[in-house]
Amino acid sequence: MEEAPMGPAQIPAGESKWRCSLTKQGDPTDLRGSVLASQPFSPQSGPTLDMPVPSSFNDISQDWRLRHFVGWVWYEREVILPERWTQDLSTRVVLRIGSAHAYAIVWVNGVDTLEHEGGYLPFEADISNLVQVGPLSSQLRITIAINNTLTPTTLPPGTIQYLTDTSKYPKGYFVQNTYFDFFNYAGLQRSVLLYTTPTAYIDDITVTTGVEHDSGEALWEAKAGGSPKVRGSRAAWPIWQNPISTKKYKNSLSMVRLTAQMSLGPVSDFYTLPVGIRTVAVTESQFLINGKPFYFHGVNKHEDADIRGKGFDWPLLVKDFNLLRWLGANAFRTSHYPYAEEVLQMCDRYGIVVIDECPGVGLALPQFFNNVSLQNHMRVMEEVVRRDKNHPAVVMWSVANEPASHLESAGYYLKMVITHTKALDPSRPVTFVTNSNYAADKGAPYVDVICLIQQQLTTQFESWYKTYQKPIIQSEYGAETIVGFHQDPPLMFTEEYQKSLLEQYHVVLDQKRRKYVVGELIWNFADFMTEQCKWQVLENQKGGFHSGETTKKCSVPLQEDTGRLPMRTRYPYSIGKSQVLENSPFTWSKTDTPVCPSPRSQGDLQQQNNVHGRPERFWPGFYAICASRTLEVEIEDFLVWK
């Protein structure tokens, strides 16, 4: 079960201090031979470090060699198990690793137990036979070897370049070449858990939902299935788009609890899963949620923070979501890899729409489009869909970012990955983000939504739409900005330049939204770490917020102007009423005032009274219907958020 387990018991084996040791530099692309021959945590292996989990290992030490290390890194710690776990043979003990970037081998009590290729996604193993046999001991030793090397067949891909000029470099010196613009943080970057289930257990759940009139429908598949209808329920809506405007139902929410039992004698299992009932559809010019046009108005993000790197951190996550709400954003893309599961849970709760992207970034060279890479890419999409398929916030899959999609080999490659993803989940559209020319892109015919990175919007939008007749999202736009640099008139790298550039993009986007543009995502939400280079100062500084989530000059105008997002997405003030939503039955009267409108939207509401939707900042997200899934079904309706 790839969703975070809710079994009878669990122990956080991560979220603590581990021992960490580096393997002496050998061939970094040797995924097994060198690591099996090494002796970690011995005098010969070098110093042992204390390493917090979850975190990236790169920035924990003052040793520059650890920050730029490429190869095998060892983690180890001991855990004391409850006596019941080791003696009750009806209990199944599972080790679950939330993420190990990028290739991992796991030993339990010295036994080679598990391997996994690819970072950013969870993997697990049943270790019952290792803890419930022989002399029963409550102490468990977990050892994990992680290789962060990127090769032409990994996802993301990379190359190892050996520099052989011995007058400049020592023997065996190499560099890791990457083809993406973010730092290749590595380590145990998400939680490590030990949890239990009965020996008869729920292995997987797939939920699909529908909405018809006043009924919500949830269909599920597991050991058994069913299709309960919930009368009088309301669909789950994204933030800002809840159409209910009557005081009678304001801030009320129906929930459904479905409880199932799987029994084998006295053994039973249960799994609790919140479910938002909503539909997603795409026309040739619109993106529809619950049958109503939706406009993606938000940001791209990265999992990136000082010291912890890509390590999951609850305070930072909550801060980010408060900033997203302050901006008025309703969506983001998980650029350029699947984020921690807790991120998607927050999106479900807050009603933030997600374009869920796999690690298919950096596919820049012809040799990356090979059969081994293709099989690996399809396997990764299987893992992404399996983990995230039941999140209502996820409305679209992205299989790649800026691949060399003008290549013939890329056309076949992308066609196969997109077709495979649609077969895995027919309920969601599939896309990838392209920076190719419209006439040369070999992958665009296979996507449902065109996601672009373009600079000449007016002409490029027309060319793309005329060619493919599909809705378009401007997936990235922004400017590098160094905090504290100012110039008027604006010059590049100043805060004034970033602010001005975003304003110019908005002029064109406001015009095209009347036709076929269905979204805009700023690059980037916040500054993030990259590899050292000559054209960026320490970080990629295109963020609306600086490191540590401090504001830039564009931040407040974004809050006022992109804080107009909830209104702007439904009512483009500068060009007149949206043709798409003009006949919407959901309207505001002059006496209806939205909660916490932005300064700009407050003034506009006083002038216009036919704005679609209710920009309720405290709409509680997608959980209009919540369900926990099991075999026997009990339905319990109740209202919350009164």
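This passage describes the fold content, burial and internal spaces of a predicted model. Local features required pLDDT of at least 70 and side-chain atom pairs 80 or more, while totals for chains, interfaces and linings use all residues. Residues are numbered from 1 along each chain as its sequence is written, and side-chain values use heavy atoms, without hydrogens or water.

The protein chain holds 13 helices and 34 strands (DSSP runs numbered from the N terminus; helices H or I, at least four residues; strands E, at least two). Of its 642 residues, 57% are buried (under 20% relative accessible area, 1.4 Å probe, protein chains only). Among contacts (heavy atoms within 4.5 Å) with a separation of 6 or more, 74% join residues 24 or more positions apart.

Eight cavities of 30 Å³ or more were found in the whole structure. A cavity is a set of points, on a 1 Å grid over the protein atoms alone, where a 1.4 Å probe fits but cannot get out; lining residues have an atom within 4 Å of a point. The largest cavity encloses about 250 Å³ (the space filled by probe spheres set on the points, which are joined across faces, edges and corners). Its lining comprises 22 residues, with Lys301, His302, Glu303, Leu316 and Asp320 closest to the centre. Helix α5 (residues 314–327) contributes the most to this lining, with four residues.

The second largest pocket (an open set with protein on both sides within 12 Å along at least five of seven lines) has a volume of about 690 Å³. It is lined by 32 residues; Glu402, Ile453, Glu476, Trp523 and Lys542 lie nearest its centre. Helix α10 (residues 495–512) gives the most to the lining of this pocket, with three residues.

Terms used:
Buried < 20%, exposed > 50% of the residue type's maximum accessible area, 1.4 Å probe, protein only.
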